[in-house]
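Please open the model in a viewer and keep the sequence panel at hand. The tour below proceeds by selections, each followed by what is to be found there.

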Amino acid sequence: MATKFAKGLTLLVITASMFAVSMANKDWSFGFNYTTDWWSRFGNHNLNKTQQEPRNIIVGGSEHWHFGYNYTDWAIKNGPFYLSDTLVFKYEAPNATSFPHSVYLFPNFWSFLNCDVKRAKMLANPTQGAGQGFNLVLSRWQPYYFSCGERNGFHCNNGQMKFAVMPMLRSF
């Protein structure tokens with residue numbers, strides 16, 4: 001019983017945090033300048049272009065996708081993410097000095113929380129992150145739960161190679 005309560009509370013905290021982070025950086029003026037007269041609002045079409053155009057976002061920034069980096073913190077610091085943004089997963093192809101990595105998408109929060117890669121879908125295998133990396137467009141308004149699926153979830157559980165994003169709608 002306590003475990004169900006703890007998981008439910010964790011789900012609530014993560015969902016509220018994702019929503020708060022994605023809404024915190026919103027420009028609630030909707031492109032209007034409230035210091036001018038009311039009628040001039042209807043002629044104001046000078047929207048912020050950087051907020052309208054989809055971005056290519058390298059997961060982990062200059063750290064890329066590797067074992068031991070906290071991607072949940074990275075996602076919180078680099079949000080909000082918007083529909084049509086592209087996440088780019090870059091990682092080394094397997095070699096004698098590095099462990100292989102992959103990209104998995106979990107179907108729900110519970111499998112993400114437990115790093116249950118058996119229920120997840122492999123999006124990119126260990127060789128697809130080399131070079132330009134593996135690209136995934138955030139094309140649906142839904143939570144996305146990502147992790148590395150290597151070693152049957154060990155990289156997800158112990159290597160902090162997991163994060164969730166909820167793309168927001170762009171304001172026009």
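Two strands are taken to pair if DSSP finds at least two bridges between them. With that criterion in place, select Ile-58 and Val-88: Val-88, in strand 2, is the bridge partner of Ile-58. Extend the selection to the whole of both strands, strand 1 (56–58) and strand 2 (86–89). The two run parallel and are joined by three bridges.

Before going further, colour the chain by confidence, since this is a predicted model. The mean pLDDT of the protein chain is 80, and 70% of its residues reach 70 or more. Residues 19–50 should be read with this colouring in view: pLDDT stays under 50 there, and the model has 23 contacts beyond four places in sequence for this stretch.

Return to strands 1 and 2 and add strand 5 (134–137). Together they make an open sheet of three strands in the order 1-2-5, with mixed pairing. Strand 1 and strand 5 are the edge strands, each pairing on one side only. From one strand to the next, the twist averages 25 degrees.

Next, follow the chain out of strand 1 and select Ser-62. This residue is found in the loop between strand 1 and helix 3 (71–78). Is Ser-62 buried or exposed? Its relative accessibility is 71%, and exposure is assigned over 50%, so Ser-62 counts as exposed. Now add Lys-90 and draw a distance: the C-alpha atoms of Ser-62 and Lys-90 are separated by 9.6 Å, although the two residues are 28 apart along the chain.

The second sheet comes next. Four strands form an open sheet in the order 4-3-6-7, and the pairing is antiparallel. Strand 4 (121–124) and strand 7 (162–165) stand at the edges with a single partner strand each, so one side of each has no neighbour in the sheet. The twist here averages 30 degrees from one strand to the next. Zoom in on strand 6 (residues 144–147) and strand 7, which pair in the antiparallel sense over four bridges. One bridge to display is that of Ser-147, whose partner in strand 7 is Lys-162.

Show side chains for the interior. The largest nonpolar core has 22 residues, of which Trp-65, Leu-87, Phe-89, Phe-146, Phe-163 and Val-165 touch the most other members. Two or more residues come from each of helix 3, strand 2, strand 4, strand 5, strand 6 and strand 7. Helix 3 gives the most, with three residues. Then select Tyr-104, Phe-109, Cys-156 and Ala-164, which are among the 10 residues of a second, separate core.

Cys-156 leads to the last stop. Which cysteine does it join? Cys-156 is linked by a disulfide to Cys-115, with an S to S distance of 2.0 Å. The link is left-handed, at -70 degrees about the S-S bond. Cys-115 lies in the loop between helix 4 (109–113) and strand 4, while Cys-156 is in helix 5 (residues 154–158), so the pair ties together parts that are 41 residues apart in sequence. Cys-115 counts as buried at 4% relative accessibility, and Cys-156 is buried as well, with a relative accessible area of 2%.

Finally, select Cys-148. This cysteine is in no disulfide, and the nearest cysteine sulfur, that of Cys-156, is 8.4 Å away. Cys-148 counts as buried, at 0% relative accessibility.

Methods
Residues are numbered from 1 along each chain as its sequence is written. Side-chain values use heavy atoms; hydrogens and water are left out. pLDDT is the predictor's confidence in each residue, from 0 to 100. Contact means heavy atoms within 4.5 Å. Axes are lines fitted to C-alpha atoms, for helices over the stretch in contact, and angles run from 0 to 180 degrees between N-to-C directions. Buried means under 20% relative accessible area, exposed over 50%, partly exposed in between (1.4 Å probe, protein chains only). A nonpolar core is a set of buried Ala, Val, Leu, Ile, Met, Phe, Trp, Tyr and Cys residues joined through side-chain atoms within 4.5 Å. A disulfide is a pair of cysteine sulfur atoms within 2.5 Å.
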